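Please open the model in a viewer and keep the sequence panel visible beside it. The tour below proceeds by selection, with a description of what is found at each stop.

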Amino acid sequence: MAIEPDTKNWTWVIESACPDCGFDGGTTTIRGVPELIDANTAGWPERLRRDDVRQRPDDATWSPLEYGAHVRDVHRKMTERLELMLTEDDPLFPNWDQDATAVAERYGEQDPAAVTEELTAAARRAARAFAAVRDDQLDRTGRRSDGSGFTVATLAVYYAHDPVHHLWDVRHAR
């Protein structure tokens, strides 16, 4: 069964605490993001080895495997966006429909071991990319196709919330 697409604009997490997962964008900085990503990544292998990794807890919620594949792709997408921001002036990011990607890439049918390996590699690459940002690059800008604007520093905080929130989703789904 298809999941109803998430159409919320989550950019508010850059400045506020998430009432669900507890991530606090108001106290998170780009300099803390690599460590946060590393710590979050360590929690995924156990979740992706679960016997029920392919089972959705209900008709409106992704399975742990689907969340893991999504988080892998978030790491990849945010690394791409960071690279665009560092090499182009105020780039407009190509649209990414996460829900369409989940269906097209058949997240729920992927191999959990491969997703774990790919998620870990993508997270490692993202953490290194954000750690390498120089102070004079923090204010470089980029825009999502919906018009939401980011600096490199705010993109890092926005990005960090996603894997944190989805690991929380997986831990609290049952």
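A crossing of two helices is called left-handed if the near helix is turned anticlockwise from the far one by less than a right angle. The model on display is a predicted one, and the term applies at the first stop.

**First stop: helices H1 and H6**

Select residues 33–42, which form helix H1, together with residues 152–172, which form helix H6. The two helices pack at an angle of about 15°, and their axes lie 10 Å apart. Because angles under 35 degrees count as roughly parallel, H1 and H6 are roughly parallel to each other. Their crossing is left-handed.

Next, display the side chains at this contact. H1 contributes Val33, Leu36, Ile37 and Asn40, while H6 contributes Ala156, Val157, Tyr159, Ala160, Pro163, Val164 and Leu167. Colouring by class shows ten nonpolar residues, one polar residue and no charged residues in the contact of H1 with H6.

Keep H6 selected and consider its length. At 1.5 Å a residue, the 21 residues of H6 should span 30 Å, and the end C-alpha atoms are 31 Å apart, which agrees. How many of the 21 residues of H6 are buried? The number is 16, so H6 is largely enclosed by the rest of the structure.

**Second stop: helices H3 and H5**

Now select helix H3, residues 64–87, and helix H5, residues 112–131. The packing angle of H3 and H5 is about 25°, with 9 Å between their axes. H3 and H5 are therefore roughly parallel to each other, and H3 passes H5 in a left-handed crossing.

On the H3 side, the residues to display include Leu65, Gly68, Ala69, Val71, Arg72 and His75. On the H5 side, they include Pro112, Val115, Glu118, Leu119, Ala122 and Arg125. By class, the contact of H3 with H5 comprises 13 nonpolar, three polar and five charged residues.

**Third stop: the loop between H3 and H4**

Select Asp90, which is found in the loop between H3 and H4. Asp90 has a positive phi of about 45°, although it is not a glycine. With a relative accessible area of 33%, Asp90 is partly exposed.

**Fourth stop: Thr101 in helix H4**

Move to helix H4, residues 98–104, and select Thr101 within it. Is Thr101 buried or exposed? Its relative accessible area is 17%, and because buried means under 20%, Thr101 counts as buried. Leaving aside residues up to four places away in sequence, Thr101 touches Asp73, Trp96, Arg106 and Tyr107.

**Final stop: the loop between H4 and H5**

Among the residues touched by Thr101 is Arg106, which is found in the loop between H4 and H5. Arg106 is not a glycine, yet it has a positive phi of about 50°. Arg106 is exposed, with a relative accessible area of 52%.

Finally, select Glu105, also located in the loop between H4 and H5. At 47% relative accessibility, Glu105 counts as partly exposed. Add Ala69 to the selection and draw the C-alpha to C-alpha distance: Glu105 and Ala69 are 36 residues apart in sequence and 9.2 Å apart in space. Ala69 has appeared before on this tour, as one of the H3 residues that meet H5.

Methods. Residues numbered from 1 in each chain as written. Predicted model: local features only at pLDDT ≥ 70, side-chain atom pairs only at ≥ 80, totals over all residues. Heavy atoms only, no water. Helix = DSSP H or I, 4+ residues; strand = E, 2+ residues; numbered from the N terminus. Buried < 20%, exposed > 50% of the residue type's maximum accessible area, 1.4 Å probe, protein only. Contact = heavy atoms within 4.5 Å. Axes fitted to C-alpha atoms, helices over the stretch in contact; angles between N-to-C directions. Parallel < 35°, antiparallel > 145°, perpendicular 65-115°, else oblique. Nonpolar A, V, L, I, M, F, W, Y, C, P; charged D, E, K, R; others polar. Expected span 1.5 Å × (residues − 1).
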